[in-house]
Amino acid sequence: MNKPLANLSERALDHERKVLDRSDNDAGLEDIIPQNQSEKIGTLSFPVRKNNQPVRENTRRIEEIIRRRQPALLLCAGWSVPSIQELASIVDATKRVHTEVVLEAGEHGSSPISFRIRGGKKFRMGKQFFGCIGEHFAEEIRSLDEAMPIRAFTFMHRQALLLVCGEVMIVENHDGTGRFRNLVPKTVRDAVTHSAIILNPTHTRMGRPANLNAWRKFLSKNSRIYISASNWELSRQHRSPTLHTLWYDGKKQDVLQTFENDLLCYREWHLPKQ
């Protein structure tokens with residue numbers, strides 16, 4: 001059941017009502033043309049409410065993107081599906097196509113959990129440990145350090161690493177140049193620098209573009225690939241070119257194809273050769 005709408009501007013309320021009126025499970029997928037994109041990267045996100053809840057249940061949309069486009073990798077923004085139970089149909093979809101999916105599932109009474117799904121199997125990648133730099137950062141960074149083994153995986157003969165949302169703040173912007181924060185241990189630094197791909201799904205689009213660009217440039221330097229996907233909050237955000245990004249070797253890359261409407265934003269990218 002959809003939750004009551006509250007504390008939104010009239011314009012935002014009207015827009016959300018229109019989105020909610022599109023109740024069909026396939027709504028938003030009308031323009032997603034079936035085509036095997038086995039050498040492409042897909043990024044996917046959805047509109048969310050001010051209370052950090054997706055406007056719709058999006059499991060079906062994720063399944064259909066997998067089936068219709070079949071990207072080599074599909075990175076979904078945070079709050080991807082409401083519960084771990086909903087992963088079953090997505091796991092089943094990957095039995096038939098060679099798509100690796102990274103997404104986040106809700107867990108009752110606890111923080112959402114990230115998963116990697118491939119070949120009909122799911123692999124737990126853990127929760128987000130921090131979203132900002134606060135007084136408990138030293139403890140939180142230790143937790144991230146301990147999670148490095150389950151955050152790393154091999155994708156198309158390349159080492160990939162997941163940093164969830166604000167965990168990207170292991171990097172700081174120093175006069176326009178990114179660098180690791182002093183408290184970041186060598187093991188985490190090595191996990192980043194030895195990876196070929198950094199995945200950074202977020203829950204909603206972050207602010208402070210100068211910081212974001214410094215982080216992304218740093219994380220993608222030395223021929224690394226950095227990929228992000230963000231949802232948009234209906235009360236204050238909209239779909240934009242910066243909602244999803246792919247950087248390679250310190251430079252922002254152009255998107256190849258975009259499918260977007262009120263219910264989803266799906267983009268495809270060329271996978272740079274390394």
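1. Strand β3 (residues 73-76) is covered on both of its faces, since L73 and L75 on one side and L74 and C76 on the other are all buried. Here "buried" means under 20% relative accessible area, "exposed" means over 50%, and "partly exposed" lies in between, with a 1.4 Å probe and protein chains only. Strands (E, at least two residues) and helices (H or I, at least four residues) are DSSP runs, numbered from the N terminus. The model is a predicted one, in which local features need pLDDT of at least 70 and side-chain atom pairs count only at pLDDT 80 or more, while totals for chains, interfaces and linings use all residues. Residues are numbered from 1 along each chain as its sequence is written, and side-chain values use heavy atoms, with hydrogens and water left out.

2. The neighbours of β3 can be described strand by strand, where two strands pair if DSSP finds at least two bridges between them. Strand β1 (residues 40-45) pairs with β3 in the parallel sense over 4 bridges, and I41 stands opposite L73 in β3. Strand β4 (residues 100-107) also pairs with β3 in the parallel sense, over 3 bridges, and the bridge partner of L75 in β4 is V102.

3. The connection from β3 to β4 deserves a separate remark, as β3, helix α3 (residues 87-93) and β4 make a right-handed β-α-β unit. A crossover is called right-handed if, with the strands pointing away from the viewer, the path from the first strand over the helix to the second runs clockwise.

4. A search of the whole structure finds 1 cavity of 30 Å³ or more, and about 50 Å³ of space lies in the largest cavity. A cavity is a set of points, on a 1 Å grid over the protein atoms alone, where a 1.4 Å probe fits but cannot get out, and lining residues have an atom within 4 Å of a point. Grid points are joined across faces, edges and corners, and the volume is the space filled by probe spheres set on the points. The lining includes C76 and V102, residues already met above in β3 and as the β4 partner of L75. Among the other lining residues are E104, S114, T202 and H203, and the largest share of the lining, 3 residues, comes from β4.

5. A second sheet is open and consists of 6 strands in the order β7-β8-β11-β12-β14-β15, with mixed pairing. Strands β7 (152-155) and β15 stand at the edges with a single partner strand each, so one side of each is left without a neighbour in the sheet. Within this sheet, strand β12 (residues 225-229) and β14 pair in the antiparallel sense over 5 bridges, and S228 stands opposite T245 in β14.

6. The aromatic side chains come next, and a search of the whole structure finds 3 aromatic pairs. The rings of F130 and F137 have their centres 5.1 Å apart and their planes at 85°, so this pair is edge-to-face. Rings of Phe, Tyr and Trp (its six-membered ring) pair if their centres lie within 6.5 Å, and planes under 30 degrees apart count as stacked, over 60 as edge-to-face and the rest as tilted. F130 is buried at 3% relative accessibility, and F137 is buried with a relative accessible area of 3%. The rings of F180 and F218, with centres 5.0 Å apart and planes at 90°, likewise form an edge-to-face pair. That pair links distant parts of the chain, with F180 in strand β10 and F218 in helix α6 (residues 209-219), 38 residues apart. F180 is buried at 12%, and F218 is buried at 9%.

7. R116 lies over the face of F123, at 4.3 Å from the ring centre. A charge sits over a ring if NZ of Lys or CZ of Arg is within 6 Å of the ring centre and within 35 degrees of the ring normal.

8. Two loop residues merit a check of their backbone angles. D175 has a positive phi of about 55° although it is not a glycine; D175 sits in the loop between β9 (171-174) and β10 (177-180) and counts as exposed at 72% relative accessibility. D249, also not a glycine, has a positive phi of about 55°; D249 is found in the loop between β14 (244-248) and β15 (251-252) and is partly exposed at 39% relative accessibility.

How values were computed: On a 1 Å grid over the protein atoms alone, a cavity is a set of points where a 1.4 Å probe fits but cannot get out, and a pocket is an open set with protein on both sides within 12 Å along at least five of seven lines; lining residues have an atom within 4 Å of a point.
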